[in-house]
Amino acid sequence: MRNRPRASLGRILQDLGTTVLDVAASPGDLDAEVTGVHIFDPLDELIVPSGGILLAVGVRGAAEICSLLERAPAAAGVVVKLPVDVDEQVRATVLETGVAVLGLTRAASWAQVAALLRSLLAEADLAEPEQGPQGDLFSLANAVCALLDAPVTIEDRSSRVLAFSGRQDEADPGRVETVLGRQVPERYLRMLDERGFFKQLYQSRAPVYMELEDEGVINRAAVAVRSGDEILGSIWVAVREPLSEQRQRALADAAKIVALQLLRERAGADTQRRLRADLLSTVLAGGGDAPEAAGRLGIATARLCVLAAQLVPDDAADPARGESDRQRFCDALALHVAAIHPKAAAALVGSVAYAVLPLHSMGDEEARAVRVAESFLARVGPRHAANIGVGRLAANLSQVARSRADADRALRVLGARGTTGQVAGYTTVHFESLLLQVADVAAAEEQTPTGPYQRLLDHDAEHGTELAPTLRAYLDAFGDVNAASAQVHVHANTFRYRLKRLVEISGLDLSDPDARLTAMLQMRIFGR
């Protein structure tokens, strides 16, 4: 089996350019192999494997930087927000540990730089050894940049940035914002659409020059990336004047190479998604194959918590678009949990995106997992309407199936409530979940309400009365007639009359706590 090449620290810095990261202190050559991205959390044990890049969130001052370097001597680099306080002690510690200190621009968020770095590493993973550095999108972007002498981005059909060249700082603020957010800002998309540039771009097989005529904005040349009649994306070049005929041919040829790479990555990504989904399904199901699957996912020895996330169904949505939305939602969840723990795993199983999150033992694991889920929904809320159920902590692999069942039940409770954008830990919705399970058994056995409650339902059905809702309002209000009458929008005297009638018709003894409990449970179980 051939080993896949990994990106070096120097290569990553070359790809990102000074737009995002710059070297604050270096031990010398930046040829250290980068194996992953890790986020510093002062509340968790710091474990950074060899070659990891450590995002030093909240770290300030030379003393804190030195302390972090000494605690992570195997890291390839430590990233600190600019301005970086580099003194002689920091430089000495960098030379002693061999760990570079990098400065992150103030305009970038930690989530953005984590996504950028992971994208670069993913590009390296997809390249075959014999292809060399020209086999990935970032290298292609840099090659086009060199050919055209202008900064380049490669974008998908939704204007999300797949890769970008160096020299982005030579472009306008809009391009810098695009690179940092990995997405063309909405105001620019609207402007390009209103001026007909997208229509022109996708109808033409040759590069298109766009005079934007806005102050502080550089014009663009772009070409659609196609596979037959399918639009895969586009290449955008920030230029101040139209391309020469030779440069237009170079851009058109580059689009063909990018198309091949995108098709290859699509196939590789689909295969990898299916593999991860199969492995995660095996872990979630438990059984004899779970340990091997967990080992391949890198979560074999951790204390785990399962998250079950699902988009709120949209019956009017196109099925193909719905599937695409679910996959993007799962990809976003995978990125989010990976930022919390490098060995977290997520995959789409059916219509539910499951995440298995390793957690350190601190006594509040479920609450911490709920906070992780809430922060994720807060980020994606404007784009994705979803709920997340959180299972109890699994102390070992044999309990993961139970945690998955917990998460599924919590998710179902949220669905039964009709809520959107909510997170529920299983322990907080335990009783509601039990009632839903009892309702399932009753439905499977074709059971129906009995006793006083059934007599009320029969009377309402025969005479068109509202006695069952009156009883529900009375019980929900703990016998407070004023509150209950307001709930059903009738006068308190009218409510008292209905209450008297329902007692006469049903024979229900409202002074008997067991009788009240029986009626309440039947209402919840049979849902009438």
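Which residue in strand 3 is the bridge partner of Ile 39? Select Leu 55: that is the partner.

Before moving on, note that this is a predicted model, where local features need pLDDT of at least 70, side-chain atom pairs count only at pLDDT 80 or more, and totals for chains, interfaces and linings use all residues. Residues are numbered from 1 along each chain as its sequence is written, and side-chain values use heavy atoms, with hydrogens and water left out.

**Stop 1: the sheet around Ile 39**

Helices (H or I, at least four residues) and strands (E, at least two) are DSSP runs, numbered from the N terminus. Strands pair if DSSP finds at least two bridges between them. Select strand 2 and strand 3 (residues 52-55). They pair in the parallel sense, over four bridges.

Now show the whole sheet. It is open, has five strands in the order 1-5-4-3-2, and its pairing is mixed. Color strand 1 (21-25) and strand 2 (36-39): these are the edge strands, and each pairs on one side only. On average, neighbouring strands here are turned by 30° against each other, direction ignored.

Add helix 2 (residues 61-71). It packs on the sheet and touches strand 3, strand 4 (77-81) and strand 5 (100-104). Contact means heavy atoms within 4.5 Å. The direction of helix 2 makes about 155° with that of strand 4. Axes are lines fitted to C-alpha atoms, for helices over the stretch in contact, and angles run from 0 to 180 degrees between N-to-C directions.

**Stop 2: a second sheet**

Select strands 12, 13, 11, 14 and 15. In that order they form an open sheet with mixed pairing. Strand 12 (345-349) and strand 15 (423-425) stand at the edges; each has a single partner strand, so one side of each has no neighbour in the sheet. The twist averages 20° from one strand to the next.

Zoom in on strand 14 (residues 386-390) and strand 15. Their pairing is parallel, over three bridges. Pick Gly 389: its bridge partner in strand 15 is Ala 424. Then show helix 12 (residues 365-380). It lies across strand 11, strand 13 (352-358), strand 14 and strand 15, at about 170° to strand 14.

**Stop 3: a loop**

Find Pro 313, in the loop between strand 11 (304-311) and helix 11 (319-340). Is Pro 313 buried or exposed? Its relative accessibility is 69%, so Pro 313 counts as exposed. Buried means under 20% relative accessible area, exposed over 50%, partly exposed in between (1.4 Å probe, protein chains only).

**Stop 4: two crossing helices**

Select helix 15 (residues 451-463) and helix 18 (residues 492-506). Their axes come within 9 Å and cross at roughly 110°. That makes helix 15 roughly perpendicular to helix 18 (under 35 degrees is roughly parallel, over 145 roughly antiparallel, 65 to 115 roughly perpendicular, the rest oblique). Show the side chains of the contact: Pro 452, Arg 455, Leu 456 and His 459 from helix 15, with Arg 501, Leu 502, Ile 505 and Ser 506 from helix 18.

Click His 459. At 15% relative accessibility, His 459 counts as buried. Leaving out residues up to four places away in sequence, His 459 touches Gly 464, Thr 465, Leu 467, Arg 501 and Ile 505.

**Stop 5: helix 16**

Leu 467 takes you to helix 16 (residues 467-476), where seven of the 10 residues are buried. Among them are Leu 467, Thr 470 and Tyr 474. The buried residues pack against helix 15, helix 17 (481-487), helix 18 and helix 19 (513-526). Finish at Phe 478, just after helix 16: it takes a positive phi of about 55°.
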